[in-house]
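Reader: I've just opened this one and I'm a bit lost. Could you walk me through how to read it, feature by feature?

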Amino acid sequence: MKYVLKNQEMQEVDRETIHEIGIPGLVLMERASKAVADCVLSCVDKNSKILVIAGIGNNGGDALAAARILLEQAQAVDFMVAGDLKKASGDLKTQLNILGNLGYEPLEETDFSAYDLILEGIFGVGLTREVGGVYKDIIERINASGKKIISIDIPSGISGDSGKVLGCAVHADITVTFGGYKRGHLLYPGREYCGDTRLVSIGFHDQTIQKHGTAFTLESAKNSMPTRYAYSNKGTYGKILVIAGNEKMSGAACFAGEAALRMGAGLVKVLSHRENRKILQTRLPECLFGEYEEMKNALSWCDAILFGPGIGISDHAKDMLKYLLEYGTKPLVLDADGLNLIRHYQMKISYSHGLILTPHVMEAARLLECGVKEIQEDLCGAAKALSETFHATAVLKDAATIVAQKDNLLYINQSGNHGMATGGSGDVLAGMITGLLGAGFTPNQAAVHGVYLHGLAGDAARDVKGSYSMIASDILEHIQDVTGGSHESVL
C-alpha cells in the first residue's frame with residue numbers, strides 16, 4: 001500500500017522532515033531534482049533539446065536544479081523562469097544563483113515547439129487559485145507544443161487535493177512526485193492530466209508519511225485474498241446469500257452470484273423471483289436457488305448477505321429490506337435497488353452487524369439529498385458523509401472509486417478502466433465484495449480489496465477484449481487472473 005496525502009498533510013511532512021528530523025530542505029531538493037533529471041534522461045538522447053520552465057516557488061527550484069544536473073550530463077538544456085523574481089522563494093533564488101555562477105542564464109522567451117521535451121515546475125501541489133495571466137499563456141503554449149511533457153510533483157494547474165483543473169492545466173505525459181501520492185494524482189480529472197505518475201523516495205521517512213497521511217491506495221494484488229487451507233470444506237469459505245433480480249432482471253442475480261463464487265465462496269444461495277429459477281439454475285448450477293419467501297430461514301444459514309441488484313422498486317422489495325434490516329444478523333452489502341429503496345421510501349437505516357453501501361454517484365446524490373455535481377466536486381468528502389450518515393462502509397463508485405469508513409484511512413482506487421462502464425459491472429463488484437465478506441474479511445477489508453481486484457479483473461479483460469468490446473461477463477471471466485496469493489491485512 002502507498003499513503004495518499006492532502007496538500008496540508010504533505011506540507012507537515014516537509015516541515016517535520018526539515019525542522020524536527022533535521023534533513024535540510026536543499027538536500028531534499030537535490031534528491032528530488034536528481035530523480036526528475038533521471039526521468040528526463042530516460043526519455044531523451046544526447047541530441048535532444050530540453051526546455052525547463054520553472055515557477056518562482058520551490059517547485060521551480062526543483063526544476064532549475066534538475067536543469068543543472070542535466071547540463072552536467074552534457075544535455076542541451078535551456079531554462080526560463082515564469083513569474084516575478086522579486087517574489088521568488090529563497091530556494092528558487094539559490095538554484096538560479098548556482099546556475100548563474102556556472103555561466104548559465106535564463107531565457108526571456110523562446111519557441112516551445114523547437115524542443116524535444118519540456119520539463120515544467122511552475123506550480124506545486126499547493127496551488128489553490130485559478131490560473132490566469134502569463135501563467136495561463138505559458139501552460140497553453142506548453143500543451144500546444146506537441147512535445148513530450150514531464151511535470152514535477154503535479155501538473156501545474158491541477159489541485160493537489162481534489163484533482164480539479166484550476167482554470168487550465170498542463171497535460172503531462174509523465175509526472176514525478178515525491179514521498180507519497182497526493183489526492184490530485186489519483187482523482188479525476190487530475191489523474192488523466194498526470195499521465196504516468198511516478199512516485200520516488202527522496203528522504204521522507206515512511207513513519208513521517210504514515211503519521212500525516214489520511215488515505216491510501218493499493219498497487220499490488222499480493223495478499224488480497226483470504227487464506228485457503230488444505231484441511232477445509234465448503235463451509236470454511238463462507239455461505240453467501242444473494243437477494244437479487246426481479247422477473248425482468250435475472251442477469252443482475254447471475255452476475256452477483258457468480259462473482260461471489262469466483263471469489264472463493266464455498267456456497268452461494270440466490271433468492272430471486274420465481275421467473276428466474278430456470279435461467280439461474282441453467283447458468284449457475286453451482287448456486288442454490290430459492291424464492292424470496294425463503295429469506296427468513298436463509299438469514300440464519302448464511303455468513304454474509306447481498307441485497308439489491310436488479311430487485312426493483314416495489315412495496316414487496318421494501319418489505320423484504322425492512323425485514324432484513326430488522327432480523328438480519330450477518331454482514332450486509334446494500335447495492336443498486338437496495339439503495340434506491342432507502343431513498344424512495346425514506347427508510348431509516350440501522351444495522352449493527354456490518355453494513356456496506358455501494359452507490360454510484362447518482363445514487364449517492366439521492367442518499368445525501370444533494371446534486372450529482374456536488375458529489376463529483378468532492379468524492380472523498382461525499383464518501384465520508386455516506387459512511388458517517390449511515391454508520392457504514394461506503395463504496396462510492398466512480399472512475400476513481402472511494403472507500404470510506406469511520407476511523408479508517410480513506411481508500412482511493414487506481415485499478416480499472418473505462419471499458420468497465422457497462423451494464424452488470426456493478427453487480428459483479430457487489431458479488432466480489434460479498435464473497436470476501438463471507439470469508440471473514442471485515443467490511444472495510446472486503447470493500448477495499450473487492451474494489452481493487454474488481455478493477456484488476458477489468459484491466460485483464462480489457463487487455464484481451466479491448467475497452468470497447470468488453471462486457472460484465474468478461475470481468476467475471478478474468479477474476480481468475482487476479483485472485484492468487486493469500487491475505488495479510490494492510491488495513
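Author: Sure! Keep in mind that this is a predicted model. Let's begin with one small spot: V403 stands opposite Y411, a residue of β18.

Reader: Which strands does that spot belong to, and how do they run?

Author: The general idea is that strands of a sheet pair through backbone hydrogen bonds, either parallel or antiparallel. Here, β17 (residues 402-404) and β18 (residues 410-412) run antiparallel, with 2 bridges joining them.

Reader: How many strands form the sheet, and in what order?

Author: There are 12 strands, and they make an open sheet with mixed pairing. Read across, the order goes β7-β1-β9-β18-β17-β16-β15-β14-β13-β10-β11-β12. At the edges sit β7 (181-182) and β12 (288-291), each of which pairs on one side only.

Reader: What does helix α9 touch?

Author: To read a helix on a sheet, look for the strands in contact and then for the angle. Helix α9 (residues 250-262) packs on the sheet and touches β10 (239-243), β11 (267-272) and β13 (304-307). Its direction makes about 170° with that of β11.

Reader: And which strands does helix α18 lie across?

Author: Helix α18 (residues 443-465) lies across β9 (215-217), β15 (355-357), β16 (393-396), β17 and β18. Relative to β16, helix α18 runs at about 15°.

Reader: Now the rings. How many aromatic pairs does the structure hold?

Author: It holds 3 of them. One of these joins F123 and Y135: the pair is tilted, with 4.9 Å centre to centre and 55° between the planes. F123 sits in the loop between β4 (117-121) and α5 (133-144), while Y135 is in helix α5, 12 residues apart.

Reader: Why does F123 count as buried?

Author: Buried means under 20% relative accessible area. F123 has 10%, so it is buried. Y135 counts as buried because its relative accessibility is 17%.

Reader: Which ring does Y411 pair with?

Author: With F216, in another tilted pair: 5.1 Å centre to centre and 50° between the planes. F216 belongs to strand β9 and Y411 to strand β18, 195 residues apart along the chain. Both F216 and Y411 are buried.

Reader: Where does the charged end of R228 sit?

Author: For this feature, look for a charged group above the face of a ring. The charged end of R228 is over the ring of Y237, 3.6 Å from its centre. R141 lies over the face of F112, at 4.0 Å from the ring centre.

Terms used: Residues numbered from 1 in each chain as written. Predicted model: local features only at pLDDT ≥ 70, side-chain atom pairs only at ≥ 80, totals over all residues. Heavy atoms only, no water. Pairing = 2+ DSSP bridges. Helix = DSSP H or I, 4+ residues; strand = E, 2+ residues; numbered from the N terminus. Contact = heavy atoms within 4.5 Å. Axes fitted to C-alpha atoms, helices over the stretch in contact; angles between N-to-C directions. Phe/Tyr/Trp six-rings, centres within 6.5 Å; stacked < 30°, edge-to-face > 60°. Buried < 20%, exposed > 50% of the residue type's maximum accessible area, 1.4 Å probe, protein only. Lys NZ or Arg CZ within 6 Å of the ring centre and 35° of its normal.
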